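I opened a fresh page for this model and looked up a few things in turn. My notes follow in the order in which I took them.

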Amino acid sequence: MTGCATTARPVAVAEPVVLNPAESLMYGARPDELFPLPAIPYQRIPSRFRRQWVDNITGERPGTLVVDTANHFLYLTYENGKAMRYGVGLGRAGFEWAGRGVIQYKRKWPRWTPPDEMVARRPDLEPYSIANGGMDPGLTNPLGARALYIFSNGEDTIYRIHGSPEWWTIGKSVSSGCVRMLNQDVIDLHDRVPNRTEILVTGGGMV
C-alpha cells in the first residue's frame with residue numbers, strides 16, 4: 001500500500017525551447033508498453049531535471065540510489081565517479097520520509113492501494129482502498145508505469161519510487177511522500193536496478 005497522490009496543476013516554465021534529438025528519443029512515445037505512453041513535452045521541463053550523466057557527488061558507492069531531497073534529484077551511482085541523475089517530485093511538508101533502505105521489489109504497471117490514513121483524509125478514495133482491492137493499473141494510476149518499493153530494517157516504509165503522468169510536478173514537492181518520476185525515466189531506472197539495491201533518501205541536499 002502507499003500514498004503518492006497530488007492535485008497539482010501545470011505551471012509554465014520560463015526556459016527557452018531547445019530541441020534535443022537524444023532527449024526526444026528518451027522522452028518519446030512508448031507504444032510498446034502494456035498501456036502505451038504518450039510523449040513527454042520535455043522542453044517544458046527545466047533541463048536540470050531531465051535524465052543525464054553527471055559526476056557522482058553523493059559519496060555513496062557504485063550501485064546505490066540516492067534521493068537528494070533538497071534539490072529534487074535521484075542519483076544511481078556508477079563506477080569511475082559517475083552517476084545517472086533524474087529529476088523527481090517529492091512529498092510536500094508533513095509527508096516526507098528520509099533514511100536508508102533497500103528496493104525490496106519492483107513492479108511493472110502496479111496497482112495502487114492508498115493506505116487507510118489517506119482514505120480517512122480523502123473519502124473519495126474509498127473505492128481504491130485496501131479493502132476494495134486498490135486501483136487497476138493504467139495511465140491514470142498514481143503509481144504510473146513502474147514502482148520500486150522501499151523497505152527499511154525489513155519493514156515496508158509505504159514509500160515508493162514510481163512513475164507519474166504529471167510531468168509538471170517534477171522538481172516540486174507536491175505528493176503524499178513518495179518519489180515520483182517521469183514515466184519514461186522510471187522505466188529506465190527500473191531496468192537498471194535489481195532488487196535489494198541500497199537507497200539513501202537524504203534529509204538535506206548534496207553539496
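Entry 1, overall. I started with the accessible surface of the protein, which is about 9800 Å², and carbon and sulfur atoms account for 54% of it. I note that the model is predicted. Of the 207 residues in the protein, 52% are buried. I then looked at contacts between residues at least 6 apart in sequence, and 68% of these join residues at least 24 apart.

Entry 2, secondary structure. I find three helices and eleven strands. Along the sequence I read the pattern α-β-β-β-β-β-β-α-β-β-β-β-α-β.

Entry 3, strand β6. I asked which strands β6 is joined to by bridges. Strand β6 covers residues 99–108 and runs antiparallel to β11, residues 198–201, with four bridges between them. In this pairing I see G101 opposite I199 of β11. Six bridges join β6 to β7, residues 146–152, and this pair is antiparallel as well. Here V102 stands opposite F151 of β7.

Entry 4, nonpolar cores. The largest nonpolar core holds 19 residues, and I list L65, L74, I161, M181, L189 and I199 as those with the most contacts inside it. At least two residues of this core come from each of β2 (65–68), β3 (73–77), β4 (82–87), β7, β10 (179–182), α3 and β11. Another core lies apart from it and has 15 residues, including I40, V66, F73 and Y75.

I followed L74 further. Leaving out residues up to four places away in sequence, L74 touches L65, V66, V67, M84, R85, Y86, V88, I161, V179, M181 and L189. I199, which I met opposite G101, is also among the residues with the most contacts inside the largest core.

Entry 5, helix α3. How many of the ten residues of α3 are buried? I get eight for this helix, which spans residues 183–192 and is mostly covered. The buried ones are N183, Q184, D185, V186, I187, D188, L189 and H190. L189 is one of the residues touched by L74.

Entry 6, M118. I placed M118 in helix α2, residues 116–121. Is M118 buried or exposed? Its relative accessible area is 3%, so I enter M118 as buried, the cut-off being under 20%. I also took one distance: M118 and S129 lie eleven residues apart in sequence, and their C-alpha atoms are 9.1 Å apart in space.

Key:
Residues numbered from 1 in each chain as written. Predicted model: local features only at pLDDT ≥ 70, side-chain atom pairs only at ≥ 80, totals over all residues. Heavy atoms only, no water. Pairing = 2+ DSSP bridges. Buried < 20%, exposed > 50% of the residue type's maximum accessible area, 1.4 Å probe, protein only. Core = buried A, V, L, I, M, F, W, Y, C linked by side-chain atoms within 4.5 Å. Contact = heavy atoms within 4.5 Å. Areas by Shrake-Rupley, 256 points an atom, 1.4 Å probe, with all protein chains shown as cover.
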